[in-house]
Amino acid sequence: MATVTTEAAGTPVTDVEHEQSFLRKYVFSTDHKVIGVQFLITSLLFLLFGGLLALLIRWQIAAPGEPIPLIGGLFPEAMAPSGIMLPEFYNSLVTMHGTFMVFFAIMPLLVGVFANFLIPLQIGARDMAFPRLNMASFWLAFAAGLIMLAGFLVEGGAAGAGWTSYAPLSANPEYTGVSLGQQLWCVSLVVLGLSSIAGSVNYITTVINNRAEGMTWFRLPLSVWSLFITAILALLALPILSGAVIMLLFDQTLGTQFFLQSGGGQPLLWQHLFWFFGHPEVYILILPAMGIASEVIANGSRKPIFGYKSMVFAMVAISFLGFIVWGHHMFQSGMNPTLGTSFMISTLVIAVPSAIKTFNWMGTMWRGNIQLRTSNLFGIGFVMLFVIGGLSGIYMASTPVDVYIHDTYYIVAHIHYVLFGGSLFAIFAGIYYWFPKMFGRMMSETVGKIHFALTFVFFNLAFLPMHEVGLGGMMRRIYDASNYQYLQDMQGLNEFISWSALGLFLVGLIFAGNFIYGMLWGEEAEANPWNANTLEWQTPSPAKHGNWVTLPTVYHGAYEYSHPEVSDKDWLAQNERPEVVTPYEGEPEGAGSTDVAPAGAG
Amino acid sequence: MDWTLPPNLAAGRMAIDETYYIILVLTAIAFVLVEAGILWFMFRYRNREADYVHGNNTAEIIWTAIPAIAMVWLGIHSGGIWSEIKGDSAPDDAFELGVTARQFEWMITYPGADSELGTADDFTLRNDVRIPVDRAVSVKLHTEDVIHSFFLPFMRVKQDAVPGMTTRTWFEAAETGDFQLACAELCGLGHYRMSASVAVLPADSFSTWYQTRAKEAAAEADSSFWTETPPNTPETVSGLPDDYGTAESGGEGSGEHQ
Amino acid sequence: MRTTDLRGWIPTAVAAVTAAAFVACGGGGDQAGQEGGEGQQAAQQQGPVVPPDSQAFVRGAVQFEGTAPEAESIDMSQEQFCAARYEAPEPRTQHVVVNDGMLQNVFVYVSSGLERSFPTPQEAETLDQQACRYRPHVMGVQAGQPLAIMNSDSVLHNINATPSANRGFNVSQPQAGMTTTRKFAVEEVMIPVACDVHGWMNAYIGVLPHPFYDVSGQDGSVAMDGLPPGEYVIEAWHERYGVMSDTVTLAAGDTASVSFTYSADMAGAEVPLGDPIYPHDHGEESHAAPADAEVGNR
């Protein structure tokens, strides 16, 4: 890397500031930062939409069969005649809530936003390796989202077989009454798969080829590590989903019988394929969150990350193990019970790297100088809630206990602690942390702290009792629990959960307000408002097209906070001259620096 | 918050509850340690000079080893219980039920006087399970259409019914009473009310009812609702050669191999 | 530079919000109405109804020979709401209903001979779900005519219609008083309709491009009034015994009589329903008598 010169590394400096048309600059942009923000805005809208779907679901659970208040009259007869939700519409809501949150909110918020925005900036590159592919990746994802939304407009309604779309329920329209909606679901996910594959190729290439001089593998920020590993996971897992979904589409439209037993197909094949994708997907949804949390917690504790390498190796271990645990979704599915035992062991083992990461975050906070900024609060909140989601996962991993809690609200509680308490808290942390770099303005810290406190409270009020509902034996995806004698005691708790969910949704609007206000009228941001070490903070806020005037050279790891040899400040930018301090000895000189091919950055 | 499980009325399934409580204790310890630690750090390490520490190998080895040991132990412990529950361990004298799930009904086939399923004296009730107390009940599951899941919360039983396969489960009710069977796997718009009544009867009143009912059924001598081959297996599809596909449990392990 | 960078986002954001709102608020479309266009168009093109002085009439009877199979009792014991609506004798299946040698629930219709088209009535035919039964069990509608399906029970019913030429639907009605109105665009004899919540509930709907059809009543009689003069093939359809046909020639003012005689020997005859439009069919129900579609106590 030492031979790379500025000229060889990409766009000549003079081209960086050239004028672009509005369309080129904001709509069909190839600038990774603009694409990141495009992902951010569309995904936040999808998040809002998914939240609205959740509220409708919670209404039905709290008041089964009662007309939906306020907006009930807006629904067509096929969804909610006189505002009374029909079971098939409820199934569509459950399906689309899961689908939108997983595929169009959390996943693009983590990967689309942060991988795009952070990778080139944090590794010191001018842009992604393939900027046009990057643009295509966004617009494909956007199109996929619209196709998915269109499901609500077609005859028969949106897909209603659950976000997991278990065959044969999903494979034959006679079983649900949904034909077009389910086909749109399939098409949308195929398009999204293309987007994700294009994005992953780009992220992987960029991290391997476009790192700045001196940016060795073990000087990479953990956010880049997590996004790099995630991209590999996505590249390996998404094609499985695409293949399975195309097979499902063929079953629905062309008369194939991959998943229909009547023609010799195998319904369990769908589950194997879906979860072979689906479990790595869970880690796609959590690894970047872990990376973001590592960034904000180290910065917010003013202390080097505890056990940097074990953090990296834990992520590598998680991603490897993530491919051999899918069967734990299928313990009760009729899969061979002996397989169940081996999947249980691999699943329990995957708890270990997660535990390592948790303890290392605690180790990072230990004897630090903790700054309770909004970003750090969300980062710490992420750890506190992810721990709950992780621990509750052990119950399902244990096959005998899973017999009872499988397909109950316990699972619903678990997944929300992981994806909301975990991923979404980290996303909030990331947005508060990198907002100044994205928009050149600050979000309000005061409003942000209120947002954090209320989100934390309402989140727990909404999802902690769900464990109890699940332990009481309430099944998932139940339109009306009042048919079950033993669930009637749960009704009060269900209503409480619904009110809390409404509170949680309204708190989200505080965030929306803070976000929009900050974007338009927020205080102007300095280049490095959080006194952070990583490269993105060593360029103006917002970073210009091309990112750098001269490409940075890296001399230090990403977490050299509170270095004793640095006087008058508690941080040390990665590109600060090396004579300032002796390099941290735990970082082997030259590791990764020789195996990187010099490559252009533009 | 109530973290206890509802009453377990199945004989021999207490191990599920015990495992649950063991995990509850383990996770509670981890939970308290982590959350209290984080809260303490947030309170303690404010407005000070941060230490410059990159890690500690001993500490990391300890907190890798402890969860690893706990998880492996839990795996071994759970594995033993799992094979007792799911293995082919139903007692030989178990009362056999044939359950055919379909959108959105449970068709319960009783073996009739000859105690054998698939014979002419079987009788089938809709959404109506009646079983004797203190006797193992072995359930064979079929489905006519989509995946359903046979869920008896108070007996700690859950098993999916998969098209083209015969899946099995068994349990033994330890107390009499009226319960509900639920479908735990989303199976369509009527999923939420796909339930059946479950009456666990004292041995004598069960056998009175059963014998009367079996006698009636024998008089009718109709063909059985229950078939050994799952419904809609490829053989019943016209236009396919006889040897197309194999009906034998759809090729998955837990199905029944004859 | 900074501010322009920022404000540039507003149009993008606004466009995205608008697009999302547009898509989200569009709602589920007008499902009931979308098949109506064809029928209305036909109504505009056709001439006046048959003038009264040139009308002809058909009277018919459907008989049954031999011993009718005994109707099976329906086990409603686990559906308290419906079971309570029957006093002894318990509810029985309606597949083969014979009274004094006359066969009920036979769909009789003019299958060919009509050269012209007829207006599509805009008043709805009603299919009621009452006490866990479809009422009527067999019925006809005209193509494009609204069919109001209503639930009179306080339990969930779903209406799973599986036509071959028309578009199928599967909708539910969880509460009493709910009504959904549907239309079938093209003629089809017959469309099976079933409730999956109550396996015994089924019905058949015949869809024709003209109003000349009837379903045999308790006395086995059918009547078709107001036909234009001509030579017609009259077909009878029964869900277990299949199809029979007869020919009549009518002059203005004529009343012709037709007679169909089903016999117990015809059990297992092929009952045409056509193939479902969906690529998969399940079992044999669409090709042969749906003998196993219903399970009582055995």
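The following legends describe close-up views of chain C and of selected cysteines in a predicted model.

**View 1. Overall architecture of chain C.** Chain C is built from 4 helices and 18 strands. Of its 298 residues, 51% are buried. Among the contacts in chain C between residues at least 6 apart in sequence, 67% connect residues that are at least 24 apart. The exposed surface of chain C amounts to about 12,600 Å², and carbon and sulfur atoms contribute 50% of that area.

**View 2. The disulfide between C:Cys82 and C:Cys132.** Across all chains, a search of the whole structure yields 1 disulfide. This bond pairs C:Cys82 with C:Cys132 at an S to S distance of 1.9 Å. The two cysteines lie 50 residues apart and link distant parts of the chain: C:Cys82 belongs to helix α4 (residues 80-83) of chain C, whereas C:Cys132 sits in the loop between β5 (125-130) and β6 (133-135). The torsion about the S-S bond is about 60 degrees, and the disulfide is therefore right-handed.

**View 3. Burial of the disulfide cysteines.** C:Cys82 has a relative accessibility of 0% and so counts as buried. C:Cys132 likewise counts as buried, because its relative accessibility is 0%.

**View 4. The surroundings of C:Cys195.** C:Cys195 is buried, with a relative accessible area of 3%. C:Cys195 takes part in no disulfide; the nearest cysteine sulfur belongs to C:Cys132 and lies 7.3 Å away.

**View 5. A cysteine of chain A, A:Cys186.** The relative accessible area of A:Cys186 is 0%, so this residue is buried.

Technical notes. Residues are numbered from 1 along each chain as its sequence is written. Chains are lettered from A and ligands numbered from 1 in the order in which they are written. This is a predicted model: local features need pLDDT of at least 70, side-chain atom pairs count only at pLDDT 80 or more; totals for chains, interfaces and linings use all residues. Side-chain values use heavy atoms; hydrogens and water are left out. Buried means under 20% relative accessible area, exposed over 50%, partly exposed in between (1.4 Å probe, protein chains only). Contact means heavy atoms within 4.5 Å. Accessible areas come from the Shrake-Rupley method with a 1.4 Å probe; for residues, only the protein chains shown count as cover. A disulfide is a pair of cysteine sulfur atoms within 2.5 Å.
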